[in-house]
Amino acid sequence: MRQHLRRIIQSLSALLLNGYWYFPVSRTIYQGRLKSICSPGLNCHSCPAATTACPLGAIQNFMAGIRASVEAARYHFGFYVLGWLGIIGGLVGRMPCGWICPFGLIQDLLFKMPGRKIRIPYIFSYGPYIFLALTIFILPIWVVDAFGYGFLWFCKFICPAGTLEAGLPLLILQPTLRMTVGHLFYIKVAVLFFFITGSVLASRPFCRTVCPLGAFYSFFNRASLFQLKYHPEKCTHCELCYRDCPVDIKFYESPNDRRCIRCLVCLRESCAFGAISWEMGGLEGQSSRPKVQSLKAKG
């Protein structure tokens with residue numbers, strides 16, 4: 001039942017972030033005022049139904065235009081997106097990954113499919129930081145065209161969410177775009193296929209190996225107002241938290257780990273000994289349910 005609450009919130013979030021349902025008639029993407037707001041999760045700006053902007057695309061646009069702005073003696077730089085993401089991260093860390101991100105929901109649902117499951121080696125958890133540094137910050141400002149403008153490397157060459165939410169739907173809505181399809185599009189479809197099939201085998205492979213947005217939020221996990229608390233005197237190291245964790249964290253070894261997406265499964269469902277609780281800005285919240293004590297009390 002508790003996991004159902006997260007699924008409901010994830011689904012409602014996906015619907016709200018993609019609430020422009022006039023697109024089958026207009027056959028274009030939404031361009032209204034809400035597009036000035038960045039989505040807290042990964043949701044493509046060019047999705048026909050998207051009502052908000054993609055934060056990764058916005059940061060890349062900002063970085064790609066810096067050199068041209070400097071050369072034109074325009075020194076008015078905007079930090080709205082970084083500030084917005086910083087506020088969210090400062091409040092709840094990576095919680096948007098676990099509760100709001102539409103592409104995270106897709107991966108969660110795919111992982112529910114029956115079949116053999118595998119764990120992703122820890123070394124790949126450094127991948128998102130490499131993609132964040134290279135494709136979001138360094139390459140857009142480093143590699144520029146003749147006019148001094150950079151490219152949106154992550155959106156153009158990698159993002160599977162963009163292919164799924166924007167590339168494929170727009171080809172259906174606007175048949176004339178099919179004439180422009182080239183090798184790059186097929187490469188991006190292959191990337192999407194890789195992560196779709198990978199999500200059936202492993203939990204959240206894109207979040208854990210590539211997503212730059214999750215990497216950005218992860219810097220706040222140990223410093224955000226929302227914190228998960230560990231009570232070692234109650235912990236039995238039963239590893240139920242590790243068994244249920246979608247990103248393979250042993251909570252008793254690393255509370256508020258940078259990989260934690262704050263889904264709260266360990267707190268709300270796994271721990272039967274009350275060894276996990278949460279607090280917000282110093283105010284203590286509910287601890288994990290002491291199921292064992294309840295069972296003992298019932299005899």
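This is a tour of a predicted model, going from its nonpolar cores to two helix pairs and then to three loop residues.

**The cores**

Begin by selecting Leu42, Phe154, Phe206 and Leu228. Among the 52 residues of the largest nonpolar core, these four touch the most other members. To see which elements surround them, colour helices H3 (55-64), H5 (80-92), H6 (95-99), H8 (127-142), H11 (183-201), H13 (212-218) and H15 (265-270), together with strand S1 (226-230); each of these elements gives two or more residues to the core.

Stay with Phe154 and display its contacts. Leaving aside residues up to four places away in sequence, Phe154 touches Leu56, Gln60, Thr135, Ile136, Cys159, Phe206, Val210 and Pro212. One of these partners, Phe206, was in the opening selection. Leu56 and Gln60 fall within the residue range given for H3, and Thr135 and Ile136 within that of H8.

Next, select Tyr20, Phe23, Ala49 and Leu173. They are among the 7 residues of a second core, separate from the one just visited.

**Helices H10 and H11**

Two packed helices are described by the angle between their axes and the distance between the axes. Select H10 (residues 160-173) and H11. Their axes are 9 Å apart and the packing angle is about 125°. H10 is therefore oblique to H11, and the crossing is left-handed.

Which residues of H10 and H11 meet? On the H10 side, show Pro160, Thr163, Leu164, Gly167, Leu168 and Leu171; on the H11 side, show Phe185, Lys188, Val189, Val191, Leu192 and Phe195. This contact divides into 9 nonpolar residues, 2 polar and 1 charged. An α-helix has 3.6 residues a turn, so residues three or four places apart point the same way.

**Helices H7 and H11**

Keep H11 on screen and add H7 (102-111). Is H7 mostly enclosed or open? Of its 10 residues, 7 are buried, so H7 is largely enclosed by the rest of the structure. To check them, select Pro102, Phe103, Gly104, Leu105, Gln107, Asp108 and Leu110.

H7 packs on H11 at an angle of about 50°, with the two axes 6 Å apart. The two helices are therefore oblique to each other, and H7 passes H11 in a right-handed crossing. Gln107, Leu110 and Phe111 of H7 make this contact with Ile196, Ser199, Val200 and Leu201 of H11. The contact has 5 nonpolar and 2 polar residues, with no charged ones. Gln107 and Leu110 are also on the list of buried H7 residues.

**Three loop residues**

Move to Lys112, in the loop between H7 and H8. Is Lys112 buried or exposed? Its relative accessibility is 58%, so Lys112 counts as exposed. For a sense of scale, draw a line from the C-alpha atom of Lys112 to that of Ile187: the two atoms are separated by 27 Å, and the residues lie 75 apart along the chain.

Most residues other than glycine have a negative phi. The last two stops depart from that pattern.

Select Arg204, in the loop between H11 and helix H12 (205-209). Although Arg204 is not a glycine, its phi is positive, at about 50°. With a relative accessible area of 0%, Arg204 is buried.

Finish at Leu264, in the loop between helix H14 (240-244) and H15. Here too phi is positive, near 70°, in a residue other than glycine. Leu264 has 10% relative accessibility and so counts as buried.

Methods
Residues numbered from 1 in each chain as written. Predicted model: local features only at pLDDT ≥ 70, side-chain atom pairs only at ≥ 80, totals over all residues. Heavy atoms only, no water. Core = buried A, V, L, I, M, F, W, Y, C linked by side-chain atoms within 4.5 Å. Buried < 20%, exposed > 50% of the residue type's maximum accessible area, 1.4 Å probe, protein only. Helix = DSSP H or I, 4+ residues; strand = E, 2+ residues; numbered from the N terminus. Contact = heavy atoms within 4.5 Å. Axes fitted to C-alpha atoms, helices over the stretch in contact; angles between N-to-C directions. Parallel < 35°, antiparallel > 145°, perpendicular 65-115°, else oblique. Left-handed = near helix turned anticlockwise from the far one by under 90°. Nonpolar A, V, L, I, M, F, W, Y, C, P; charged D, E, K, R; others polar.
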